[in-house]
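User: I've got this model open and want to go through it with you piece by piece. Can we start with the strands and work outward?

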Amino acid sequence: MKFNLIDIEHWNRKPYFEHYLNAVRCTYSMTVNIEITNLLHEIKLQELKLYPTIIYIIATVVNNHKEFRTCFDRNGNLGFWDSMSPSYTIFHKETETFSSIWTQYNKSFFCFYNNYLDDIKNYENIMNFTPKLDEPANTFPVSSIPWVNFTGFNLNVYNDGTYLLPIFTMGKYFEQNNKIFIPMSIQVHHAVCDGYHISRCINEVQEVALNLQTWLG
């Protein structure tokens, strides 16, 4: 997958990028409730799983916008990937631990879903942190905390503060006013993503979840 270098000197985001990366290094998060009433009903009818369905929705939106695919490559160059794939966690009840695996993104929901099932079958019983080897550089993290309905979530990543990709976390879905919602938190780096961009992402996740007939059938 191609990594496209960004010419910082001619980038319209240069002053914002440099400010939030160097002067005031800043990440932030936002938690919202995504309505999944009809989506949950339909996937239950089709005997599908919710977790990979939500992962697909998130990955679809991430791939729609360059700011969510912008990062430093392994050589420290700034750029953006043509496409991103989700790296997600799976829980091991026996040991109360988890593994992180990845599935290559596909615009076709059912292609992605079937590849997800294959990955789960191959790796869910391997109690390693990263049982699926050779994870590509163009992945972004997704996780789930399905045991609690949270109203806020924040990750405190203690590194040099140059991780630019979004991080998504889902919670336990719940019913309110005869509708079903699932909490979703997204953490971003202000150097590449402002309030406008995170809002657009959240709104598009909701739109894809509501317009399920266009991709779920």
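User: Which residue in S4 stands opposite Phe3?
Analyst: Keep in mind that this is a predicted model. S1 and strand S4 (residues 78-81) run antiparallel and are joined by three bridges. Across from Phe3, the S4 residue is Trp81.

User: In what order do the three strands of that open sheet come?
Analyst: The pairing in this sheet is antiparallel. Strand S1 (3-5) and strand S3 (70-72) each have a single partner strand, so they stand at the edges, with one side left without a neighbour in the sheet. From one strand to the next, the twist averages 40°. The order reads S1-S4-S3.

User: Moving on to strand S5, what is the bridge partner of Phe91 in S6?
Analyst: S5 covers residues 85-92, and seven of its eight residues are buried. With strand S6 (residues 97-102), S5 pairs in the antiparallel sense over six bridges. Phe91's bridge partner there is Phe98.

User: And which residue in S7 stands opposite Ser87?
Analyst: Here the strands run parallel, with four bridges joining S5 to S7. Opposite Ser87 in S7 you'll find Pro141.

User: Which residue in the hairpin of S5 and S6 takes a positive phi?
Analyst: That hairpin has four residues between the strands. The phi in question is near 55°, and the residue that takes it is Glu96.

User: Is Glu47, with its positive phi, buried or exposed?
Analyst: Glu47 isn't a glycine, yet its phi is about 55°. This residue lies in the loop between helix H2 (37-45) and H3. Its relative accessible area is 73%, and the cut-off for exposed is over 50%, so Glu47 counts as exposed.

User: Where is Asn177 found?
Analyst: Asn177 is another residue other than glycine with a positive phi, near 55°. At 70% relative accessibility, Asn177 counts as exposed. Its place is the loop between strand S9 (174-176) and strand S10 (179-189).

User: How many residues of H3 are buried?
Analyst: Helix H3 (residues 50-62) spans 18 Å from first C-alpha to last, close to the 18 Å expected at 1.5 Å a residue. H3 is mostly covered, and the buried count is 13 of 13.

User: How far apart in sequence are the parts that Arg13 and Asp194 tie together?
Analyst: The side chains of Arg13 and Asp194 meet in a salt bridge, 2.6 Å from N to O. Arg13 sits in the loop between S1 and helix H1 (14-23), while Asp194 is in the loop between S10 and helix H5 (195-210). Both residues are buried. The parts they tie together are 181 residues apart.

User: Which residue forms a salt bridge with Lys132?
Analyst: The closest N and O atoms of this pair are 3.0 Å apart. Lys132 lies in the loop between helix H4 (109-123) and S7, and its partner is in helix H4, so the pair ties together parts that are 13 residues apart in sequence. Both partners are buried. The partner is Asp119.

User: What is the relative accessible area of Lys14?
Analyst: Lys14 meets Glu9 in a salt bridge, 2.7 Å from N to O. Glu9 is exposed, with a relative accessible area of 55%. Lys14 is partly exposed, and its value is 21%.

User: Last one: what area does the nonpolar surface patch with Trp147 have?
Analyst: Trp147 lies in the loop between strand S7 (139-144) and strand S8 (167-170). At 55% relative accessibility, Trp147 counts as exposed. The patch is made by Phe91, Phe98, Phe129, Trp147 and Val148, and its area is about 560 Å².

Key
Residues are numbered from 1 along each chain as its sequence is written. This is a predicted model: local features need pLDDT of at least 70, side-chain atom pairs count only at pLDDT 80 or more; totals for chains, interfaces and linings use all residues. Side-chain values use heavy atoms; hydrogens and water are left out. Patches are made of residues with over 30% relative accessible area and no salt bridge: like charges are joined within 9 Å, nonpolar side chains (Val, Leu, Ile, Met, Phe, Trp, Tyr) within 5 Å. Accessible areas come from the Shrake-Rupley method with a 1.4 Å probe; for residues, only the protein chains shown count as cover. A salt bridge is a side-chain nitrogen of Lys or Arg within 4 Å of a carboxyl oxygen of Asp or Glu. Helices (H or I, at least four residues) and strands (E, at least two) are DSSP runs, numbered from the N terminus. Buried means under 20% relative accessible area, exposed over 50%, partly exposed in between (1.4 Å probe, protein chains only). Two strands pair if DSSP finds at least two bridges between them. Axes are lines fitted to C-alpha atoms, for helices over the stretch in contact, and angles run from 0 to 180 degrees between N-to-C directions. The expected span of a helix is 1.5 Å times one less than its number of residues.
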